[in-house]
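Visitor: I should like a close look at one part of this molecule, taken step by step. Please begin with the structure itself.

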Amino acid sequence: RSGAVSMVSWLAALAAVIILQRLLELILANRNRKWMLKQGAKEYGAQHYSKFFILHSGWLVCWFVEAVYCGPSLAHFWYVWLALFILAQGLRYWCIVSLGHYWNTRILVIPGEKRICLGPYRFFQHPNYMAVAIELGCVPLIFNAWLTAMMATILNAWLLLRVRIPAEEEALKQLTKKYI
């Protein structure tokens with residue numbers, strides 16, 4: 001009994017950390033959005049923004065509920081999933097630092113600006129989406145929430161590949177040069 005209570009405490013602690021992280025990121029994104037709009041930015045793909053908000057909110061609730069419902073316990077290789085989650089956080093924050101004022105949860109482009117190719121963007125496109133995809137899969141797997149990991153990964157991949165990345169690539173065509 002005390003083991004289950006302790007595990008629920010670990011679940012709640014990780015959920016609280018992720019919620020706090022997301023709230024701080026939304027505050028930063030809003031600040032950056034205001035700055036970009038003052039610079040003449042245009043927003044693209046606003047109609048799909050709510051779908052990601054629903055996906056991420058649902059993911060957070062589902063892995064917690066699934067883990068508790070199935071009897072909260074750590075996966076056999078929980079430390080692998082936790083390590084991947086931590087590495088994904090490092091990648092995400094590398095993206096945020098590399099983009100500076102241009103980082104956002106929305107697609108905003110200042111026409112005529114240079115495309116930023118610093119940090120992880122030197123090596124591949126859309127590294128922030130890779131970090132989020134790793135997170136959506138790994139966090140539920142720490143606690144054996146396989147169904148949530150699978151469904152969130154599939155829904156995220158569909159939204160990214162069919163909606164978000166094409167909208168972002170179209171928006172980035174507005175940029176004239178690469179900034180290295």
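Visitor: Where does His126 lie, and between which two elements is that loop found?

Guide: The model shown here is predicted. His126 lies in the loop that runs between strand 3 (114-116) and helix 4. Its backbone deserves attention, since phi of His126 is positive, at about 60°, although the residue is not a glycine. With a relative accessible area of 12%, His126 falls under the 20% limit and therefore counts as buried.

From this loop one passes to helix 4, which covers residues 127-142. Beyond helix 4 comes another loop, the one between helix 4 and helix 5, and Asn144 is found there. Asn144 also has a positive phi, near 65°, and is likewise a residue other than glycine. In accessibility, Asn144 is partly exposed, because its relative accessible area of 26% lies between the limits of 20% and 50%.

The next element is helix 5, residues 146-172, whose axis comes within 8 Å of that of helix 4 and crosses it at roughly 170°. An angle over 145 degrees counts as roughly antiparallel, and helix 4 and helix 5 are therefore described in that way relative to each other. On the side of helix 4, the contact is made by Tyr129, Ala133, Leu136, Gly137, Pro140 and Leu141. Helix 5 contributes, among others, Trp146, Thr148, Ala149, Ala152, Asn156, Leu160, Arg164 and Glu168. Sorted by class, this contact has 10 nonpolar, 4 polar and 2 charged residues. As background to the spacing of such residues, an α-helix has 3.6 residues a turn, so residues three or four places apart point the same way.

One of the helix 5 contact residues, Thr148, also leads to an earlier part of the chain. The C-alpha atoms of Thr148 and Val61 are separated by 9.5 Å, although the two residues are 87 residues apart along the chain. Val61 is found in helix 2, residues 49-69. A relative accessible area of 48% makes Val61 partly exposed, whereas His126 is buried.

Helix 3, residues 78-99, completes the view. At 1.5 Å a residue, its 22 residues should span 32 Å, and the end C-alpha atoms are 32 Å apart, which agrees. Buried residues in helix 3 include Phe85, Ala88, Leu91, Arg92, Cys95, Ile96 and Leu99. Helix 3 is followed by Gly100, which has a positive phi near 55°. A positive phi is thus found at Gly100, and also at the non-glycine residues His126 and Asn144.

Definitions and conventions: Residues are numbered from 1 along each chain as its sequence is written. This is a predicted model: local features need pLDDT of at least 70, side-chain atom pairs count only at pLDDT 80 or more; totals for chains, interfaces and linings use all residues. Side-chain values use heavy atoms; hydrogens and water are left out. Axes are lines fitted to C-alpha atoms, for helices over the stretch in contact, and angles run from 0 to 180 degrees between N-to-C directions. Helices (H or I, at least four residues) and strands (E, at least two) are DSSP runs, numbered from the N terminus. Angles under 35 degrees count as roughly parallel, over 145 as roughly antiparallel, 65 to 115 as roughly perpendicular and the rest as oblique. Contact means heavy atoms within 4.5 Å. Ala, Val, Leu, Ile, Met, Phe, Trp, Tyr, Cys and Pro count as nonpolar, Asp, Glu, Lys and Arg as charged, and the others, Gly among them, as polar. The expected span of a helix is 1.5 Å times one less than its number of residues. Buried means under 20% relative accessible area, exposed over 50%, partly exposed in between (1.4 Å probe, protein chains only).
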